[in-house]
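Hi,

Here is the structure I promised to pass on. My notes follow below it.

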Amino acid sequence: MPNKRNKEAILIISAGIMLAGSAVWRFSDGYRRDDREIIITTAKDIATAAETSAFTSKAADSPTTVSVQTTTAFLLLDINSATAEELTQLSGIGDHLAAEIVAYREQHGGFLNIEELMEVSGIGKATFADIREHVFVVNPVYTTKVTTEKPTELRTEPAAEEETEPTLTLEDVAPIDLNTADIGTLVLLPHVDEETAEEMIDLRERLGRYSNAYELLYVDSLTQAEVADILEYVTVDD
């Protein structure tokens with residue numbers, strides 16, 4: 001019996017030792033795993049940092065590349081002030097045409113507008129079309145050619161001359177008969193207007209007729225002196 005108990009005790013102790021050893025191994029392995037995770041994470045950071053450092057170092061060692069953007073200025077010339085050398089920058093304008101432009105400008109006192117360039121010998125429409133956007137004239141002047149046409153002359157027939165009666169004068173009608181004269185004739189007398197002529201006729205009607213010229217003294221608008229001036233131009237027929 002004692003041997004049997006001893007064996008059981010040995011078995012129990014052995015089992016406990018094995019269990020304890022297993023626990024210690026698991027704990028140690030878990031610790032190492034945790035430690036490895038920490039190391040791996042740190043190593044990744046170091047690798048990333050190393051790559052970054054390598055890239056930075058490579059960039060620092062490599063020669064600097066500078067990207068230069070070149071822009072072409074738009075050519076625009078005042079043809080009244082540009083030199084012959086400047087004019088040669090225009091498309092199709094060589095030394096000869098540049099000299100012709102300058103000579104024309106000096107001869108005519110300058111260009112009134114850019115279209116006048118076509119008046120320069122050697123510059124036609126095609127050449128002008130190539131350079132027109134690159135030239136200008138300050139305050140251009142455009143003259144309009146005005147063609148005047150003679151107005152059509154309308155042939156009109158000469159107006160027929162109206163036959164007018166000649167104007168009568170006192171000398172033409174004198175002596176005037178006071179018993180037959182109308183207003184138009186009486187107003188030819190001196191000092192007699194239409195109103196006085198009507199008074200003279202009204203008196204004649206009241207009298208029936210004039211017996212003599214002195215009866216004109218009864219006309220209210222005539223004075224004695226005025227009647228005296230009239231007497232030599234009037235008469236009373238019997």
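Arg-206 and Asp-202 sit four residues apart in helix α7, so about one helical turn separates them. The two form a salt bridge, with their closest N and O atoms 3.2 Å apart. Arg-206 counts as exposed, because its relative accessibility is 59%. Asp-202 has 38%, so it counts as partly exposed. Keep in mind throughout that this is a predicted model.

**The other salt bridge**

The count of salt bridges comes to two. Besides the pair in α7, Glu-115 and Arg-132 meet through their side chains, at 3.5 Å from N to O. Glu-115 lies in the loop between α3 (95–108) and α4 (125–131), and Arg-132 in the loop between α4 and β2 (135–136), so this pair ties together parts 17 residues apart in sequence. Glu-115 is partly exposed, at 26% relative accessibility. Arg-132 is partly exposed as well, at 40%.

**Overall layout**

The protein chain has eight helices and four strands. Read from the N terminus, the order of elements is α-β-α-α-α-β-α-β-α-α-α-β. The chain holds 238 residues, and 22% of them count as buried. Take the contacts between residues at least 6 apart in sequence: 48% of these join residues at least 24 apart. The accessible surface is about 18,900 Å². Carbon and sulfur atoms account for 54% of that surface.

**A buried charge**

Which side chain of opposite charge is nearest to Asp-78? It is Arg-105, and the distance is 6.8 Å. A salt bridge needs nitrogen and oxygen within 4 Å. Asp-78 has no salt bridge, yet it is buried. Its place is in strand β1 (residues 77–78). Setting aside neighbours within four places in sequence, Asp-78 is in contact with Phe-136, Val-137 and Val-138.

**A nonpolar patch**

Two of those contacts of Asp-78, Phe-136 and Val-138, turn up again on the surface. Together with Phe-74 and Leu-76 they make a nonpolar surface patch of about 390 Å². Phe-74 is found in the loop between α1 (2–61) and β1. This Phe is exposed, because its relative accessibility is 56%.

**A negative patch**

Back to helix α7, which spans residues 194–207. Which residues gather in a patch of negative charge on the surface? They are Asp-193, Glu-194, Glu-195 and Glu-198. I looked at two of them in detail.

- Glu-194 is found in α7. At 57% relative accessibility, Glu-194 is exposed.
- Glu-195 also has its place in helix α7. Its relative accessibility is 55%, so Glu-195 counts as exposed.

Glu-195 has one more distance to note. Its C-alpha atom is 9.1 Å from that of Ile-183, and the two residues are twelve apart along the chain.

**Positive phi angles**

Two residues deserve a look at the backbone.

- Asn-139 is not a glycine, yet its phi is positive, at about 50°. Asn-139 is found in the loop between β2 and α5 (170–173). With a relative accessible area of 66%, Asn-139 is exposed.
- His-191 is not a glycine either, and its phi is also positive, at about 70°. His-191 lies in the loop between α6 (183–186) and α7. With a relative accessible area of 40%, His-191 is partly exposed.

**In short**

For a quick pass through the model, I would take these places in order.

1. The salt bridge of Arg-206 with Asp-202.
2. The salt bridge of Glu-115 with Arg-132.
3. Asp-78, buried and without a salt bridge.
4. The nonpolar patch of Phe-74, Leu-76, Phe-136 and Val-138.
5. The negative patch that includes Glu-194 and Glu-195.
6. The positive phi of Asn-139 and that of His-191.

Best wishes

Notes. Residues numbered from 1 in each chain as written. Predicted model: local features only at pLDDT ≥ 70, side-chain atom pairs only at ≥ 80, totals over all residues. Heavy atoms only, no water. Patch = residues over 30% accessible without salt bridge, like charges linked within 9 Å, V, L, I, M, F, W, Y side chains within 5 Å. Areas by Shrake-Rupley, 256 points an atom, 1.4 Å probe, with all protein chains shown as cover. Lys, Arg positive; Asp, Glu negative; His and termini not counted. Charge placed at Lys NZ, Arg CZ, Asp CG, Glu CD. Buried < 20%, exposed > 50% of the residue type's maximum accessible area, 1.4 Å probe, protein only. Contact = heavy atoms within 4.5 Å.
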